[in-house]
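Please examine the structure below with attention to its aromatic side chains and its cysteines. The explanation follows the aromatic contacts before turning to the sulfur atoms.

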Amino acid sequence: MSVDEPLSGVSAKRPRLPLVLIPCDNRMLGGHPFYVLGRKYADAVHDAAGCRPLLLPSGPATDLADYVELADGVLLTGSPANVHPTHFGQTVRNPELPLDQERDRVTLPLVRLSVQRGLPLFAICRGLQEINVALGGSLLQAVHEEPGRFDHRAVPDAEPDEQYGPSHPIDIVEGGELDQILAVRELQVNSLHGQAIDRLAPGLRVEARALDGTVEAVHISAHPGFALAVQWHPEWKVMENPASQRLFRAFGDACREAQARRLGGQTQGNLSRAA
């Protein structure tokens with residue numbers, strides 16, 4: 001079969017799904033540097049949002065502007081690594097915790113560029129923290145050491161189903177973006193983070209809090225469209241969780257609208273070459 005021939009059973013007429021940029025982590029595996037992305041994030045973008053994941057290398061040579069030109073949305077994922085505290089005027093509190101400065105160099109400007117261009121933006125866990133830092137806020141490096149705060153970290157060495165199981169409720173702000181999407185005022189969420197928002201960045205609106213006051217969701221007020229960040233992990237077994245499905249579906253709908261604007265009203269037939 002020629003590479004130019006369509007695969008058997010695949011229609012050449014199907015419309016192109018929106019492309020969602022997902023920045024990768026940087027990790028050393030077997031002595032070699034790798035770009036790494038948890039499969040659950042890419043699968044959630046495809047299965048629940050109805051979009052195509054486009055992995056974004058997060059290294060020093062990444063040409064961010066070229067990738068953004070292709071994108072209809074951006075997903076910022078969680079990660080074992082934290083945002084480097086120099087980005088919010090602090091020193092490293094615990095040198096044993098992983099950092100990923102190469103990802104910082106890509107994701108922080110990507111947040112600002114997404115707001116500038118009105119790209120749909122959905123952020124999870126570290127992604128919420130990146131948005132806060134990119135827009136001028138700061139983080140608590142150890143939430144569990146703050147007076148009156150809970151320990152929001154996962155149970156060490158537990159099985160994934162236990163780590164990602166429901167951990168605590170959150171209170172959702174009435175009339176906010178999250179309230180409109182989920183149509184509930186309280187939600188049970190999982191919890192796998194040691195850091196959290198401290199000083200809220202200008203232009204961010206709190207959408208939900210945990211019972212100890214920890215910010216669990218924010219919306220970027222200056223963004224003209226979908227710009228939501230959550231501290232929990234809705235990508236985990238997303239197709240088994242109705243609330244998580246609604247979040248990703250709302251993100252996917254925003255990406256489809258962005259794609260239609262970007263393509264300037266081209267017909268579906270004109271999209272077949274990109275399918």
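A residue is called buried when its relative accessible area is under 20%, and partly exposed from there up to 50%. In this predicted model, Tyr164 has a relative accessibility of 17% and therefore counts as buried. Trp236, with a relative accessible area of 21%, is partly exposed.

A search of the whole structure yields five aromatic pairs. One of them joins Phe122 and Phe226 in an edge-to-face arrangement, with 5.9 Å from centre to centre and 90 degrees between the planes. This pair links distant parts of the chain, since Phe122 belongs to strand β6 (residues 121–124) while Phe226 lies in the loop between β12 (215–220) and β13 (227–230), 104 residues apart. Both Phe122 and Phe226 are buried. Tyr164 and Trp236 form another aromatic pair, which is stacked: the centres are 4.5 Å apart and the planes meet at 20 degrees. Tyr164 sits in the loop between α5 (160–163) and β8 (168–172), and Trp236 in the loop between β13 and α7 (242–263), so this pair ties together parts that are 72 residues apart in sequence. A single aromatic cluster comprises Phe122, Phe226, Phe248 and Phe251.

The cysteines come next. A disulfide requires two cysteine sulfur atoms within 2.5 Å, and by this rule the count is zero. For Cys51, the nearest cysteine sulfur is that of Cys255, 4.4 Å away. That distance is too far for a bond. Cys51 is buried, because its relative accessibility is 0%; Cys255 is likewise buried, with a relative accessible area of 0%.

Note on methods
Residues are numbered from 1 along each chain as its sequence is written. This is a predicted model: local features need pLDDT of at least 70, side-chain atom pairs count only at pLDDT 80 or more; totals for chains, interfaces and linings use all residues. Side-chain values use heavy atoms; hydrogens and water are left out. Rings of Phe, Tyr and Trp (its six-membered ring) pair if their centres lie within 6.5 Å; planes under 30 degrees apart count as stacked, over 60 as edge-to-face and the rest as tilted. Helices (H or I, at least four residues) and strands (E, at least two) are DSSP runs, numbered from the N terminus. Buried means under 20% relative accessible area, exposed over 50%, partly exposed in between (1.4 Å probe, protein chains only).
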